[in-house]
Amino acid sequence: MNLEHESSSMKTLLFLCTGNYYRSRFAELYFRHLCAAHSLDWQVDSRGLALEPQNIGLSHYTQQECLRLGVSTEPHREPIPLSLNDLVKSDLTIAVKETEHRPLMRRKFPDWEHKVVYWEVHDLDVEPASKALPELRAHVESLLRQLQQGQ
């Protein structure tokens, strides 16, 4: 997927994970923080592919890491399920774990499966937040550098 964009118009980035509670929310908040710090003109949001009823608000791991990094957790909101309209409005969509999210995309949004960029950042059932969040930070920082080069 081409990450370049025209600097004259604001583009939209959408992060996806399963529950829109931990990984995609951290990526959204951290990317928004970096955009503000580097004057990069992107809107960012996040959604979940299979929300779980026990996930309310924002993961405490995400809250703790944002606090540690000085990243705002505003606006406060509940997890939001992905819709077709979200995909249509997004200029760039990134799912944070290919092995988990590609099958969900194939089942729920088959026409969009190959239009998504996939990373491979594990959820808490596989890797602790102390390992996953630094990996996610590195991906977001690399993405920021790629987008800056495309300006």
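Buried, as the word is used here, means that a residue has under 20% relative accessible area. With that in hand, take a look at strand β2: five of its seven residues are buried, so by this cut-off the strand is mostly covered. Keep in mind as you go that this is a predicted model.

Let's stay with β2 and see what it belongs to. The strand is part of an open sheet of four strands, paired in parallel fashion and arranged in the order β2-β1-β3-β4. Two of these strands, β2 (42-48) and β4 (117-118), stand at the edges; each has a single partner strand, so one side of each is left without a neighbour in the sheet. As a general point, strands of a sheet pair through backbone hydrogen bonds, either parallel or antiparallel.

The partner of β2 is easy to follow along the chain. Strand β1, residues 11-17, runs parallel to β2, and seven bridges join the two. If you'd like to trace a couple of them by eye, start at L14, whose bridge partner in β2 is D45. Then move along to L16, which has R47 as its bridge partner in β2.

Now bring in a helix. Helix α5, residues 129-149, lies across β1, β2 and β3 (92-95). Compare the direction of α5 with that of β1 and you get an angle of about 160°.

What fills the inside? The largest nonpolar core has 31 residues, and the ones that touch the most other members are L13, F15, F31 and L143. Several elements give two or more residues to this core: β1, α1 (23-38), β2, β3 and α5. Helix α5 provides the largest share, eight residues. Apart from this core lies another one, made of 12 residues, including L49, L104, M105 and Y118.

Next, the cysteines. How many disulfides does the structure hold? Zero. To see why, look at C17 and C66. A disulfide needs two cysteine sulfur atoms within 2.5 Å, but the closest cysteine sulfur to that of C17 is the one in C66, and because it is 13 Å away, it is too far for a bond. Starting from C66 instead leads back to C17, again at 13 Å and too far for a bond. Both of these cysteines are tucked away from the surface: C17 counts as buried because its relative accessibility is 2%, and C66 counts as buried at 0%.

The loops have some details of their own. Begin just after β1, in the loop that leads to α1, where you'll find N20. Although N20 is not a glycine, its phi is positive, at about 50°. Why does that catch the eye? Because most residues other than glycine have a negative phi. Is N20 buried or exposed? At 0% relative accessibility, N20 counts as buried.

S39 makes a nice companion to N20. This serine is found in the loop between α1 and β2, and S39 also has a positive phi of about 50° without being a glycine. Its surroundings are another matter, though: with 63% relative accessibility, S39 counts as exposed.

Carry on past β2 and you reach S59, in the loop between β2 and α2. S59 is buried, because its relative accessible area is 1%. Which residues does S59 touch, leaving aside its neighbours within four places in sequence? The contacts of S59 are with Y21 and Y22.

Further along, between α2 (60-69) and α3 (84-89), there's a loop that holds P75. The peptide bond from E74 to P75 is cis, with omega near -5°. That is worth a second look because most peptide bonds are trans.

Finish with H114, in the loop between α4 (98-108) and β4. H114 counts as exposed, since its relative accessibility is 66%. The side chain of H114 makes a polar contact, at 3.4 Å, with the side chain of R102. Along the sequence H114 and R102 are 12 residues apart, while in space they are 8.6 Å apart, C-alpha to C-alpha.

Conventions:
Residues numbered from 1 in each chain as written. Predicted model: local features only at pLDDT ≥ 70, side-chain atom pairs only at ≥ 80, totals over all residues. Heavy atoms only, no water. Buried < 20%, exposed > 50% of the residue type's maximum accessible area, 1.4 Å probe, protein only. Pairing = 2+ DSSP bridges. Contact = heavy atoms within 4.5 Å. Axes fitted to C-alpha atoms, helices over the stretch in contact; angles between N-to-C directions. Core = buried A, V, L, I, M, F, W, Y, C linked by side-chain atoms within 4.5 Å. Polar contact = N/O pair within 3.5 Å; in protein donor to acceptor, adjacent residues only side chain to side chain.
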